[in-house]
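I opened my notebook to look up the empty spaces, the surface and the charged pairs in this structure. Come along and read over my shoulder.

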Amino acid sequence: MEQVMSTINLSAIYPEIILTCFSLLILLMQSFSTPRFKEYYGYVSLVGVLAALAFVVMEPSSFFAQTVVYSFNDMWVVDNYARFFKLIFLLGTGLTILISMKYLEDEAMQYGEYFALILFATIGMMIMASAGELITLFLGLELMSLSLYVLAGYTRVRMVSNEAALKYFILGSFATGFLLYGIALIYGSTGTTSIRAVAASVGKYGLYSPGLVMGMAMLVVAFGFKAALVPFHMWTPDVYEGAPAPITAFMSAGPKAAAFAAFARVFMEGLPALQMEWTWLIWIMAALTMTIGNVIALVQDNIKRMLAYSSIAHAGYVLVAFLAAGELGISSVLYYLLTYTFMNIGAFAIITALSGRGEPRVFVRDYQGLGFQHPFAAVAMSLFLFSLAGIPPTGGFMGKFYIFSAAVKEGYIGLAVIGVVNSVVSVYYYLRVTVAMYMEEPSSVREAEAAAPIFSPALVIAIFISAYGVLSLGLFPSSYVAIVKQSFLALQ
Amino acid sequence: MVSLNSYLILGAMLFSIGAVGVFTQRNALIIYMCIELMLNAVNLTLVAFSRFLNNLDGHVFVFMIMTVAAAEAAVGLSIIISLFRNKPTVNVDDINLSKG
């Protein structure tokens, strides 16, 4: 693989620069324009996302050229691994913007800050994926987290939204403290904060100090919080329930993937020498995350809360692949996160459409009889739920297939068995919604008071893109696998 | 000259006090102060390491942490204020709509 070295290469951060310009533009539009402009914030941010997408693929060299570009004295890495994650983030952001526009209009909260904050959070995630240095990683993580704290409390007249923001803020900053202390201990043990230099230092001196191991453990705690892994998952259900539905969709896809991106880069690239130390730790966390997420999801009535526990369980599956490491393991992490972005945002698009102003209709019983009243929405929702449950021919099935085959190949057979049992358990609560949609009559009282679901053109486009993604990842996985494998090679 | 270990132990103690405080305190503002204490314990640790390693990276990092902590304070306090407008309390035990 060719490596291009230079101290400062601005073209390496063109996508981030473009997104920053667009988010500032939206803030300016908000400040100086007439109220009539407020319908255009969403479209402007979509243009920004598409422009950034083009630059992620093309700059500073083409995705297929397989070059690794270091910039800003190794603080910034652009390799295919980072590029693939940036594609996932931008995809999640684009879909979120599409499902947000009508929602904000209904809630009468069409402010530019919303879209600007979503773009800022995306920039933070992209910085995390490209960070070659622990300081850069920290700044990216904070840019993402601070934007998300505000977005979780965006519908500020709703108490439950405020509560979500406060809980997310307190536990998120708490995790940040652990991240920083971990970085400080690693810095003290190795004398550097550059991820590659840490690896070199650990490899060269065979350094095995208590400080380094402590630092690693602190980083596991911090990333565990950000990716919602058991036992650091307590905030997830409350925050996902309280946040506005499109923001819940956004949080469950991008930031989670960003946490895994940084997690894998720090541990695979920076601390591979300590693999013996973290393998058993992550084994236990993966088993707990899958099991607890699925078991608690069984008894949830609120569908947002159910999907929050389901997202914890899915993080557990990704952790299994993470543990398997190697080419197949990391490739299946990437494949699964891409699939998860499509299927989860798709499901949340339907939830957004049905929830109604102020989100009163977010319970499983509100989905009774949907299959007869709104066949299109019910079919799409079933597709996303089947994919989440891992039923063929959807992307969720292929993703789980790759994960468990990677785990078996690397000898984690016990973990693979726990994972398969868990995905069987999960079928129950996903199908419960489908059963409600097709086999139960809506109760007449609720039907009378229910407002018709709102399907704006943008929302329908988002559902179609997600459905296409879920089906094509399930039916034609080979082309995606080829891209994913190229992205993995970059991490070596 | 004060040894590196003294600084590290002080840093670890401050960090632990902060971490324990987050779980034992009930007032959202005091919880936030505990988090700030954790961040400052990290700053102390970083500066001590930086001084004893003769390496400036740690000093630079401390400036970044202080800047981010300031931004975090702005966001955190405004979240607490917007919550206070809906329900005049800062006690986290009273903030319990989501359960299950």
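A word I need before anything else: a pocket is an open set of grid points with protein on both sides within 12 Å along at least five of seven lines. I also keep in mind that this is a predicted model.

**Entry: the largest pocket**

I looked up its volume and found about 780 Å³ of space in the largest pocket. The lining has 32 residues, and those nearest the centre are L117(A), L146(A), S147(A), V150(A) and V75(B). Next I asked which elements give two or more residues to this lining. They are α4 (112-130), α5 (134-152) and α6 (159-190) of chain A, together with α3 (57-86) of chain B. I sorted the lining residues by class and got 21 nonpolar, 7 polar and 4 charged.

**Entry: cavities**

How many cavities of 30 Å³ or more does a search of the whole structure find? I noted 7. The largest cavity holds about 100 Å³ of space. Among the residues that line it are K102(A), Y103(A), D106(A), E107(A), R357(A) and L459(A). Two elements of chain A, α3 (80-107) and α13 (326-355), each give two or more residues to this lining. The most comes from α3(A), with 4 residues. By class, I wrote down 4 nonpolar, 4 polar and 4 charged residues for the lining of the largest cavity.

**Entry: a nonpolar patch**

On the surface I found a nonpolar patch of about 430 Å², made by I8(A), L10(A), Y14(A), I17(A) and F55(A). I placed F55(A) in helix α2 (residues 41-58) of chain A. F55(A) counts as partly exposed because its relative accessibility is 30%.

**Entry: salt bridges**

I searched all chains and found 13 salt bridges. In one of them, R196(A) meets D74(A) at 2.7 Å, N to O. R196(A) sits in helix α7 (residues 195-205) and D74(A) in the loop between β2 (68-71) and β3 (76-78) of chain A, so the pair ties together parts 122 residues apart in sequence.

Are D238(A) and R305(A) buried or exposed? Both are buried, and their side chains meet in a salt bridge of 3.1 Å, N to O. E241(A) also forms a salt bridge with R305(A), with the closest N and O atoms 2.5 Å apart. E241(A) lies in helix α9 and R305(A) in helix α12 of chain A, so this pair ties together parts 64 residues apart in sequence. R305(A) counts as buried because its relative accessible area is 4%. My last note is that salt bridges with shared partners join E163(A), K167(A), D238(A), E241(A) and R305(A) into one network.

Methods
Residues numbered from 1 in each chain as written. Chains lettered and ligands numbered in written order. Predicted model: local features only at pLDDT ≥ 70, side-chain atom pairs only at ≥ 80, totals over all residues. Heavy atoms only, no water. 1 Å grid on protein atoms, 1.4 Å probe; cavity = no way out; pocket = protein on both sides within 12 Å on 5 of 7 lines; lining within 4 Å. Points joined across faces, edges and corners; volume = space filled by probe spheres on them. Nonpolar A, V, L, I, M, F, W, Y, C, P; charged D, E, K, R; others polar. Patch = residues over 30% accessible without salt bridge, like charges linked within 9 Å, V, L, I, M, F, W, Y side chains within 5 Å. Areas by Shrake-Rupley, 256 points an atom, 1.4 Å probe, with all protein chains shown as cover. Salt bridge = Lys/Arg side-chain N within 4 Å of Asp/Glu carboxyl O. Buried < 20%, exposed > 50% of the residue type's maximum accessible area, 1.4 Å probe, protein only.
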